[in-house]
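Colleague: I'm new to reading protein structures. Could you walk me through this one, a question at a time?

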Amino acid sequence: RVDNPTRLGLEENLAALEGGEKAWATCTGMAAITTTLFLFQKGDHLVAGNDIYGGTYRLFADVIPRMGIEVSFVDMRDLENVKQALRPETKGIWIETPSNPLLNIIDIQAIVAIAQDKKILTIADNTFLSPYFQKPFEFGVDIVLHSTTKYLNGHSDIVGGAIIVNQDRSELGNEINHYYNALGTACSPYDAWQF
């Protein structure tokens with residue numbers, strides 16, 4: 001759970017593909033999302049798209065509000081919606097582009113500019129395009145997530161996820177590593193080998 005050479009090999013490859021500093025392979029895509037949410041605490045607020053993956057929406061709408069974290073769902077294609085949703089307690093903007101299932105496209109660079117102006121963390125779910133077609137770190141995103149179950153795996157025999165931090169956000173990596181270990185969301189070595 002804490003460390004494994006097979007999983008480490010997968011994580012190094014995932015970080016290299018995205019151009020990130022470090023990656024953590026998780027047992028599912030939702031495990032990657034859940035681990036990342038532990039960066040936030042009671043009283044924090046997040047902004048997310050109104051057409052995000054159903055599992056993410058369910059977690060954001062039904063589960064994390066019980067922990068005192070609020071989420072505003074907006075049509076992120078209109079940047080004014082994002083700006084208007086921001087509050088003093090907004091600590092993160094959740095980007096999913098293309099969205100699942102509607103395949104709506106969001107301007108990552110513009111969202112990051114809004115977030116950086118307010119010192120807000122940006123997290124991008126890059127599952128649908130993969131690093132082959134899109135590299136959110138090139139636009140300044142702080143954290144990239146994947147459900148590796150889908151396109152990155154490519155042969156549909158495992159479920160998995162990934163969390164990857166940007167090159168200049170090593171302090172986030174330390175926090176993620178702590179929660180990854182504490183929550184036990186690691187990918188099994190066998191699944192890492194299958195990948």
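**Walking through the model**

Modeller: Sure, and keep in mind that this is a predicted model. Let's begin with E89: at 30% relative accessibility, E89 counts as partly exposed.

Colleague: Okay, so which residue does the side chain of E89 meet in a salt bridge?

Modeller: Side chains of opposite charge can pair when their charged atoms come close. Here the N to O distance is 3.8 Å, and the cut-off for a salt bridge is 4 Å. The partner of E89 is R87.

Colleague: Is R87 buried, partly exposed or exposed?

Modeller: Buried would need a value under 20%, and exposed one over 50%. The relative accessible area of R87 is 30%, so R87 is partly exposed.

Colleague: Which residue is linked with R87 and E89 in a network of salt bridges?

Modeller: We've already met the pair, with the side chains of E89 and R87 joined in a salt bridge. The network adds one more name to R87 and E89, and that is E70.

Colleague: And how many salt bridges does a search of the whole structure find?

Modeller: Two others we can look at are D75 with R77, where the closest N and O atoms are 2.9 Å apart, and E171 with R169, at 2.7 Å. D75 is partly exposed at 24%, and E171 is partly exposed too, at 39%. For the whole structure, the search gives seven.

Colleague: Let's go back to R87. Which side chain has a polar atom 2.7 Å from the backbone nitrogen of R87?

Modeller: Look in strand 4 for this one. The residue there also makes a side-chain polar contact with the side chain of H45, again at 2.7 Å. The polar atom 2.7 Å from the backbone nitrogen of R87 belongs to the side chain of T90.

Colleague: Is T90 buried or exposed?

Modeller: T90 touches H45, V47, A85 and I120, even with residues up to four places away in sequence left out. Its relative accessible area is 4%, and under 20% counts as buried, so T90 is buried.

Colleague: Now the inside. Which element gives the most residues to the largest nonpolar core?

Modeller: In soluble globular proteins, nonpolar side chains tend to be buried together. The largest core here has 29 residues, and L14, M76 and I111 are among those with the most contacts inside it. Elements giving two or more residues include helix 1, strand 1 and strand 4. The most, five residues, come from helix 5.

Colleague: How many residues does the other core have?

Modeller: This other core lies apart from the largest one. Among its residues are L39, I52, L172 and A186, and its count is 25.

Colleague: What about nonpolar residues at the surface: what is the area of the patch made by F38, V63, M67 and L183?

Modeller: Take V63, which is in helix 3. At 38% relative accessibility, V63 counts as partly exposed. Together F38, V63, M67 and L183 make a nonpolar surface patch of about 300 Å².

Colleague: Which residue joins P98 through a cis peptide bond?

Modeller: Most residues other than glycine have a negative phi, and most peptide bonds are trans. P98 lies in the loop between strand 4 and helix 5, and so does P101, in that loop between strand 4 and helix 5. The bond from N100 to P101 is cis, with omega near 20 degrees. For P98, omega is about -5 degrees and the partner is T97.

Colleague: What is phi of L103?

Modeller: L103 is found in the loop between strand 4 and helix 5. At 48% relative accessibility, it counts as partly exposed. Phi of L103 is positive although the residue isn't glycine, and its value is near 60 degrees.

Colleague: Last one: which side chain makes a 2.8 Å polar contact with the side chain of T185?

Modeller: T185 sits in the loop between helix 7 and helix 8, and it is buried, with a relative accessible area of 9%. Beyond its neighbours within four places in sequence, T185 is in contact with several residues, including A25, T26, C27 and Y180. The side chain that makes the 2.8 Å polar contact is that of T35.

Key. Residues are numbered from 1 along each chain as its sequence is written. This is a predicted model: local features need pLDDT of at least 70, side-chain atom pairs count only at pLDDT 80 or more; totals for chains, interfaces and linings use all residues. Side-chain values use heavy atoms; hydrogens and water are left out. Helices (H or I, at least four residues) and strands (E, at least two) are DSSP runs, numbered from the N terminus. Buried means under 20% relative accessible area, exposed over 50%, partly exposed in between (1.4 Å probe, protein chains only). Contact means heavy atoms within 4.5 Å. A polar contact is a pair of N or O atoms within 3.5 Å; within protein, one must be able to donate a hydrogen and the other to accept it, and residues adjacent in sequence count only if both atoms are side-chain atoms. Patches are made of residues with over 30% relative accessible area and no salt bridge: like charges are joined within 9 Å, nonpolar side chains (Val, Leu, Ile, Met, Phe, Trp, Tyr) within 5 Å. Accessible areas come from the Shrake-Rupley method with a 1.4 Å probe; for residues, only the protein chains shown count as cover. A nonpolar core is a set of buried Ala, Val, Leu, Ile, Met, Phe, Trp, Tyr and Cys residues joined through side-chain atoms within 4.5 Å.
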